[in-house]
Amino acid sequence: MAEANTQPGSTARGPYIAVITNRRTNLAIRGLMLFSVGVFLALVLNLLQVQRNVTLFPPDVMASIFSSAWWVPPCCGTASAMIGLLYPCIDRCLGEPHKFKREWSSVMRCVAVFVGINHASAKVDFANNVQLSLTLAALSVGLWWTFDRSRSGFGLGVGIAFLATLATQLLVYHGVFQYTSPDFLYIRSWLPCIFFAGVITMGNIGRQLALYECKVIQEKPHQE
């Protein structure tokens, strides 16, 4: 009788649970969500930079409603998806599950601080670029300390920020776009700080999405 009573419930809820707990499906859903967040942040943050004439794009590549080059949002979205999926994967490989401030309210505050750091880079006037770079570096490390504090998070943040800075240097060198008043070869010296803060932010979002997947998988035996 017990099996007969539980069978209808299992049948009704089975397809939903199977879809949510399927790793490939969940990976695709998380990737799509991270891509969407990255595209949205790229549009909003690049708008701040263009409005303040921090970045300049040639007229022939201005192709979006936010006066951004068309390729910027997809590239940022793809990078965001890769970073957000990489962070929880590295945590599993290292056997160090990230447990510091694992709730959506903390993730939203991290996003708000990241947007604030970008806003400061575009809006706040400093006496020179050195002061601005040091201030943004302190804010970026503070963001990591406040919302992450993992060695893997810091290491990935530094490594990816370095690669992103190098890629940006190459893009500017080939004339894809340019920065006003460059002081670090072809770019602004504070750009690596922005990349680092962005990596930490997307890593936190990716970890939180992965945590939700783990919770659903853990609850599945009880629901069956």
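L43 sits in helix α2, so let's start there, since at 19% relative accessibility this residue just makes it under the 20% cut-off and counts as buried. Keep in mind that you're looking at a predicted model. From L43 we'll move on to helix α3, a pocket and some aromatic rings.

**Around L43 and helix α3**
- L43 and P73 are 30 residues apart along the sequence, yet their C-alpha atoms are 6.3 Å apart in space.
- P73 is also on the list of buried residues in α3, along with V72, G77, S80, A81, I83, G84, Y87, P88 and D91.
- How far should the 23 residues of α3 span at 1.5 Å a residue? The expected figure is 33 Å, and the end C-alpha atoms are 32 Å apart, which agrees.
- Just after α3 comes G95, which takes a positive phi of about 70 degrees.

**Transmembrane regions in the record**
- UniProt, in an unreviewed entry, puts the feature "transmembrane region" at residues 27-48, 68-87, 154-173 and 185-205.
- Residues 27-48 are 100% helix and 0% strand in the model, with end C-alpha atoms 32 Å apart.
- Residues 185-205 come out at 71% helix and 0% strand, and here the end C-alpha atoms are 32 Å apart.

**The largest pocket**
- The largest pocket has a volume of about 1,000 Å³.
- Its lining is made up of 33 residues, and the ones nearest the centre are C76, A79, A164, T168 and F195.
- Which elements give two or more residues to this lining? They are α2 (23-51), α3 (72-94), α4 (104-123), α6 (151-173) and α7 (191-223).
- Helix α3 turns up again here, giving the largest share of the lining with eight residues.
- Sorted by class, the lining of the largest pocket has 25 nonpolar residues, eight polar ones and no charged ones.

**Aromatic rings**
- You can find four aromatic pairs in the structure.
- One of them is F154 with F196, an edge-to-face pair with the ring centres 5.5 Å apart and 70 degrees between the planes.
- F154 belongs to helix α6 and F196 to helix α7, so this pair ties together parts that are 42 residues apart in sequence.
- Are these two rings' residues buried or exposed? F154 is partly exposed, with a relative accessible area of 32%, while F196 counts as buried at 7% relative accessibility.
- F154 and F196 also join W144 and W145 in one aromatic cluster.

Key
Residues numbered from 1 in each chain as written. Predicted model: local features only at pLDDT ≥ 70, side-chain atom pairs only at ≥ 80, totals over all residues. Heavy atoms only, no water. UniProt positions renumbered as here; feature names shortened; annotations may be inferred. Helix = DSSP H or I, 4+ residues; strand = E, 2+ residues; numbered from the N terminus. 1 Å grid on protein atoms, 1.4 Å probe; cavity = no way out; pocket = protein on both sides within 12 Å on 5 of 7 lines; lining within 4 Å. Points joined across faces, edges and corners; volume = space filled by probe spheres on them. Nonpolar A, V, L, I, M, F, W, Y, C, P; charged D, E, K, R; others polar. Buried < 20%, exposed > 50% of the residue type's maximum accessible area, 1.4 Å probe, protein only. Expected span 1.5 Å × (residues − 1). Phe/Tyr/Trp six-rings, centres within 6.5 Å; stacked < 30°, edge-to-face > 60°.
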